[in-house]
Structures are given as structure tokens and as C-alpha cells.
Amino acid sequence: MAWSRERRLNSKLNTYAKYADHGKGECLKLFQKMRRMQEANHHGVCKCISCPAVRRFNEMDGGHYISRKHNATAFEPQNVHPQCKKCNSSASWGLSGNTAEYRKALPEGVADYLESKSREIKQFSKHDYAEMALEFEDQIEIEKERLGV
Ligand SMILES: [Zn+2]
């Protein structure tokens, strides 16, 4: 029997109250998983946003175009795409190797939009994170159904 939404929300709030980051880390993980699944074809396969690598969604990272340090764009769907571990780890070392390719792969205007939006100051409460986490979990369930996993 599935938990009611209220019960799920209260459980998240209790958990996030113990986290110094108010739940941002868990929310990012869920969001990245959701985005990898959404971008996968019906075989569960996706292409790296910044190189030709093709892998199953669960072997990919969810790579950010603008660093997830920036709250205003951390949860923008267009800012997170499947990315192979090689490209994603080179980005986190501060190497610019794949950023230009990532930029080129985004629809026209999206990179400019994200770059501008990332400068906005955005703060999330633990309640915001709890609400987002439930939404991402629901979307992940929908994707699991679609992908048969
Ligand atoms: Zn790659």
C-alpha cells in the first residue's frame, strides 16, 4: 500500500530537518536520476550530452551545464542531461573540455538563458526540497513504468 502524500511529505521533512543542506543533496540525486531516465529511449539508452558515448541511463551521470552550486538553475531540466562519467568528472575537475560541446548540444538560446538565470539568488527551504523530492520520485516511478525497470 502506497504511503499518502502527506505521510511522505512529513517523512521527508523529518529527514531533511537533520541535514545541514536541508535536503538539497538528496533532491539533486533524485532530479539527476529523473533527468537521465527522461532522456533515455525506450531501451533505456541515452547519449552523452557532450561526447558520442552511448550507455544505459544507469551507467550515466546527470551532468549539469551550470554547476549545481547555483540554486537558481540546479533544478532546471534543461540544465541537466545524461553525461558519461568521463565527461562529467572532467567538468568537476574544472577542465573546460566538454563545456563547449555541452553548450552546442542545447537548443538555441537555452545556454544564454541558463547562464543569466544562474546569477539569480535563490534559496530553498527544507519544505521546498521535500515538495520537490516527492515530485521527482513520482516522475521516476512514471519513467520506471515506461522503461520497464
Ligand atoms: Zn561523454
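## A walk through the fold, centred on helix 2

In this predicted model, residues 24 or more positions apart account for 75% of the contacts in the protein with a separation of 6 or more, two residues being in contact if their C-beta atoms, placed from the backbone, lie within 7 Å. Because the model is predicted, local features need pLDDT of at least 70 and side-chain atom pairs count only at pLDDT 80 or more, whereas totals for chains, interfaces and linings use all residues. Residues are numbered from 1 along each chain as its sequence is written.

The secondary structure comes to 7 helices and 4 strands, where helices (H or I, at least four residues) and strands (E, at least two) are DSSP runs, numbered from the N terminus. Read from the N terminus on, the elements follow the order α-α-β-β-β-α-β-α-α-α-α. The C-alpha trace spans about 45 × 40 × 25 Å along its principal axes. For 149 residues a compact globule would have a radius of gyration near 15 Å, and the 16 Å of this protein agrees with that; the radius is taken over C-alpha atoms, and the globule rule is 2.2 Å times the number of residues to the power 0.38. Buried residues make up 32% of the 149 residues, a residue being buried if 20 or more other C-beta atoms lie within 10 Å of its own, exposed if 12 or fewer, and partly exposed in between, with C-beta atoms placed from the backbone.

A good place to begin is the approach to helix 2. His22 is found in the loop between helix 1 (5–16) and helix 2, and this residue has a positive phi of about 60° although it is not a glycine. His22 is partly exposed, with 19 other C-beta atoms within 10 Å.

Helix 2 itself (residues 24–39) has 16 residues and reaches 22 Å from its first C-alpha to its last, close to the 22 Å expected at 1.5 Å a residue, the expected span being 1.5 Å times one less than the number of residues. Its buried residues are Lys24, Cys27, Leu28, Leu30, Phe31, Gln32, Met34, Arg35, Arg36 and Met37. What covers them includes strand 1 (45–47), strand 3 (61–64), helix 3 (71–74), strand 4 (80–83) and helix 7 (126–147).

In soluble globular proteins, nonpolar side chains tend to be buried together. Here the largest nonpolar core, a set of buried Ala, Val, Leu, Ile, Met, Phe, Trp, Tyr and Cys residues joined through C-beta atoms within 7 Å, has 27 residues, of which Cys27, Leu30, Phe31, Tyr129, Met132, Ala133 and Phe136 touch the most other members. The elements that give two or more residues to this core are helix 2 and helix 7, and helix 2 gives the most, with 6 residues. Leaving out residues up to four places away in sequence, Leu30 touches Ala133, Phe136, Glu137 and Ile140.

At residue 39, helix 2 comes to Glu39, which belongs to this helix and is partly exposed, with 19 other C-beta atoms within 10 Å. Apart from neighbours within four places in sequence, Glu39 is in contact with Cys46, His81 and Pro82, while Glu39 and Arg8 are 27 Å apart, C-alpha to C-alpha.

Further along the chain, Tyr65 lies in the loop between strand 3 and helix 3 and is buried, with 24 other C-beta atoms within 10 Å. Not counting residues up to four places away in sequence, Tyr65 touches Asn79, Tyr102, Leu106, Ala111 and Leu114; Tyr65 and Leu114 are 49 residues apart in sequence and 8.4 Å apart in space, C-alpha to C-alpha.
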